[in-house]
Amino acid sequence: MRTDTGQVFKLEDYRPNDYLIPKTDLTFRLSPDATRVTAVLTIERRDDVSVSAPLVLDGDGLTLKRIEIDDKKVKPADLLATPDQLTILKPPAARRFQLLIETEVAPAGNEALMGLYRSSHVYCTQCEAEGFRRITYFLDRPDILSVYTVRIEAMRDEAPLLLSNGNSVDRGDLGDGWHYASWHDPFPKPSYLFALVAGNLGQLADSFVTLSGRTVELGIYVEPGKEKLAGYAMDALKRSMKWDEEAFGREYDLDVFNIVAVSDFNMGAMENKGLNIFNDKYVLADRETATDADFANIEAIIAHEYFHNWTGNRITCRDWFQLCLKEGLTVFRDHEFSADQRSRAVKRIAEVRTLRAHQFPEDQGPLAHPVRPRRYREINNFYTATVYEKGSEVVRMIRTILGADVFRAGMDLYFERHDGDAATIEDFIKVFEDVSGRDLSQFALWYHQAGTPNLTISSTHNPAAQEFTLEIEQSVPPTPSESRKRLMHIPLAFGLIGAGGKPVPYSGVEGASVEDGVIHIRKRRHMVRFSGVTERPAVSLNRGFSAPVTLSVEQKADDQFFLARHDSDAFSRWQAFNTLLTDALISAFREILGGKQPAFAPRLIDLAGSIAGDEALEPAYRALALALPGEADIARDIGRNIDPDAIYAAREALALAIGSANRDVFSGLYRGLADKDAFSPDAASAGRRALRNTLLDYLSLQPGGAALAAGHFQSATNMTDRAAALAVLAHRHHGSPEAVEALAAFEATYGSDPLVMDKWFQIQASVPGPQTVDTVKALTNHPAFSMGNPNRVRSLIGTFSSANQTGFHRADGEGYWFFAQTVLEVEKRNPQVAARLATALRSWRSLEPLRQAKAREALLSIAGAESLSADLRDIVERTLA
């Protein structure tokens, strides 16, 4: 575990390495406790580099066994070798030479799950971002592209399956129970994309015929006996391959494409060239074990990792500061895929909810950073919502500004110009400038400047002059290390809505550039005047969420109600209703703090019932609309002096009011939405289940609610309904006989299935109230829980700290102290997981003073621990700064 936290890496310090490694040959002789890795590296000195320049290779905890240059042993005086670095002090004078390095690693003892490790008797690698240096000494950076040939040797009984990147070139028997397989990847790649898997796994096989007529062999490898659970993942893969050909003109380039699912994995999945390694959570699914959300996640993540073949692998990033170039761009691509496969409107609302729940708080707190960071101490801590989700929104804005056709031309040029390159954000922006003829330098600030811009907007209508005016002012709040902000180019999609929801025409506009329903905000203040406007319109703003901004709009409640019923833009219609709900909840929060009983406008309650019963709207859309803003969302909008208990009380009061007033409507809809056909994970069927389960949540607060939820649980024919009913019982009727019985029945049925038990842990960890701290403590001793498995830790500890506002933020601080102790325990095994858990306290300064003080004490207790890892120390120190 690295504990060196002093070095800060800066974007402006980047320079190419003195040496390249055009060819890498690796031989692995696998053993749980002593795997030998022989690396034969073709080293090439750059033309402009002095022959006296030392060759410095990265390592991390390595044991060096042998080193040779051009088949000759290197003298001890000519090198410096430590577990974390290997320096050749006097490289050969020849421009190109061969370096042999033999190291020994212990996969079975590698609980950090970086480099080569062993999970459930399967050898596996994870090399992004800097895991390859835990396998052998190397120039472990993204701009060192090498062609890899890999030979894997193992005991056949232990590892009958031997996989690596690229195409299979040879395999055979070695005698004494050993065998080997060789793989070759003809496409140069950085070391972070290297992969190896060896073990006893079952295979689901299929094939795909590309647009040019080539047949690609497909394989998904899983724990033996679970092959049938990979069927949906295989279907998603084939749909992804077809979609990428049609939407982006990208054809797959190898003879095989393999996916391996493992149970111990730090991330969701990894896009290694031709051999994607997945957390089994995002591969295994059937109606008995997976929810509709699981099926949707599998589809999206399979697509995401496959799309990386071009946006990340064929074109990689020059350095880790350019991480968004592969991740933000690929998130945009997988969002578009899912929108085409499912409902575009529903998908867009879900994307924005995720962005607001995770990225907006990041932008508003001590961990704020630009989409392209300028400095870091630990790169693992920059796999963030800002890089991924906001990075995707920046790509989406480019398409909004240029239009779909010009955007596609820019992407085509990007693939043509930079195939085989380690590229930069500047390279990416340049292709769009070249195809469009536009200057995007101001827009590029979205990559370079942290913070969420706010637009303050007011409107006036002059009926005599037939003029409608929007006054728009932009501002970006200060963030760590950035107190002064530059003006952004913000594409603000809008609509002027008149009687009956029809567009209000206008004859001219001045004060800003307006193109295709988009106002281009470039200055601090715009007075946008629309002429020829005969009636006062309601203004629909940021349609489709055209820019990741917050809005402070002087708008009458009547307009919000009107838009919630009539806006033709599905996202903005949802947004109008969500804003009304948020405003009502914030008012209720303040009333509760003042000792008053909250009251809600009858027309808001009626609107909820009207939306629920509107058959013109998709069921999935109605389910999203009826889902009240989350407690963390409300806290973010309140901003400071947060009392989570009061927010929870406000949500419960509104849910009770909506459910009581609309009980008959909700009950009728609930009965009518029951599944009549066999389970299908398609979007329409999933939408009906989502709406029915949302209605169940409301109805459970009414008399007889526990019995209704218990009946729903007992009659469920799929995991979506079963888990939803269990959550309603545990959350709404905690401690009731029905809840206790259902939790026990669920455990008895699924106790041997780790992924399903993760749902059981999540449901209990998210039960509101101060008692949940004790529940979570007890569950850490459950036989199905393991501090060494990231999925188990995330399901219990991660859910408690990030999704249980009242339990985690218990007034006496017990939740914080338990969390701090657990983070330190996890860190001993896995610093990456511990660091990501620690981000749950990023918004501690927004709490009311007593909770704020206790949260700070917990953070200080983590910071004061001895031998803290670089990963965790970086997060805690930035959070406290």
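This is a short talk about some strands, helices and one buried residue in a predicted model.

Okay, hi everyone. Keep in mind throughout that we're looking at a prediction. I'll start with strands, then go to a pair of helices, and finish with a glutamate.

A quick reminder before we dive in: strands of a sheet pair through backbone hydrogen bonds, and they can do that either parallel or antiparallel.

So, let's find β15, which covers residues 178-189. Which strands are joined to β15? One of them is β12, residues 146-155, with nine bridges, and the two run antiparallel. Another is β14, residues 167-175, joined to β15 by seven bridges, and that pair is antiparallel as well.

Now put your finger on Ala181 in β15. Ile152 has Ala181 as its bridge partner, and Arg171 stands opposite Ala181 too. That makes Ala181 a handy landmark when you're scrolling around.

Stay with β14 and β15 for a second, because there's a turn to look at. Together they form a hairpin, with two residues between the strands. What is the phi of Asp176 in that turn? It's positive, about 60 degrees.

Next, a little sheet earlier in the chain. Three strands make an open sheet in the order β4-β8-β7, and the pairing is antiparallel. At the edges you have β4, residues 55-58, and β7, residues 79-82, each pairing on one side only. Ignoring direction, neighbouring strands here are turned by 10 degrees against each other on average. If you zoom in on β7 and β8, where β8 is residues 85-88, you can count four bridges between those antiparallel strands. One spot to click on is Thr82, which stands opposite Gln85 in β8.

Let's jump to another sheet. This one is open too, with five strands in the order β28-β31-β26-β25-β33, and its pairing is mixed. Which strands sit at the edges? Those are β28, at 508-510, and β33, at 550-553, and each of them pairs on one side only. From one strand to the next, the twist averages 20 degrees. For a parallel example, take β25, residues 454-462: four bridges join it to β33. Within that pairing, Asn454 has Thr550 of β33 as its bridge partner.

On to the helices. α9 is residues 557-566 and α10 is residues 570-593, and they pack at an angle of about 140 degrees with their axes 7 Å apart. Why do we call them oblique and not roughly antiparallel? Roughly antiparallel needs an angle over 145 degrees, so with about 140 degrees α9 and α10 count as oblique to each other. Their crossing is left-handed. As for who touches whom, α9 brings residues including Phe561, Leu563 and His566, while α10 brings, among others, Arg573, Phe577 and Leu580. Sort the residues of that contact by type and you get seven nonpolar, three polar and two charged.

Last stop: Glu327, which lies in helix α3, residues 323-341. Is Glu327 buried or exposed? Its relative accessible area is 2%, and buried means under 20%, so Glu327 is buried. Leaving out residues up to four places away in sequence, Glu327 touches Glu128, Glu271, His304, His308, Val387 and Tyr388. And here's one to check with the distance tool: Glu327 and Ser392 are 65 residues apart along the chain, yet 7.9 Å separates their C-alpha atoms.

That's my tour. Thanks for listening!

Terms used
Residues numbered from 1 in each chain as written. Predicted model: local features only at pLDDT ≥ 70, side-chain atom pairs only at ≥ 80, totals over all residues. Heavy atoms only, no water. Pairing = 2+ DSSP bridges. Axes fitted to C-alpha atoms, helices over the stretch in contact; angles between N-to-C directions. Parallel < 35°, antiparallel > 145°, perpendicular 65-115°, else oblique. Left-handed = near helix turned anticlockwise from the far one by under 90°. Contact = heavy atoms within 4.5 Å. Nonpolar A, V, L, I, M, F, W, Y, C, P; charged D, E, K, R; others polar. Buried < 20%, exposed > 50% of the residue type's maximum accessible area, 1.4 Å probe, protein only.
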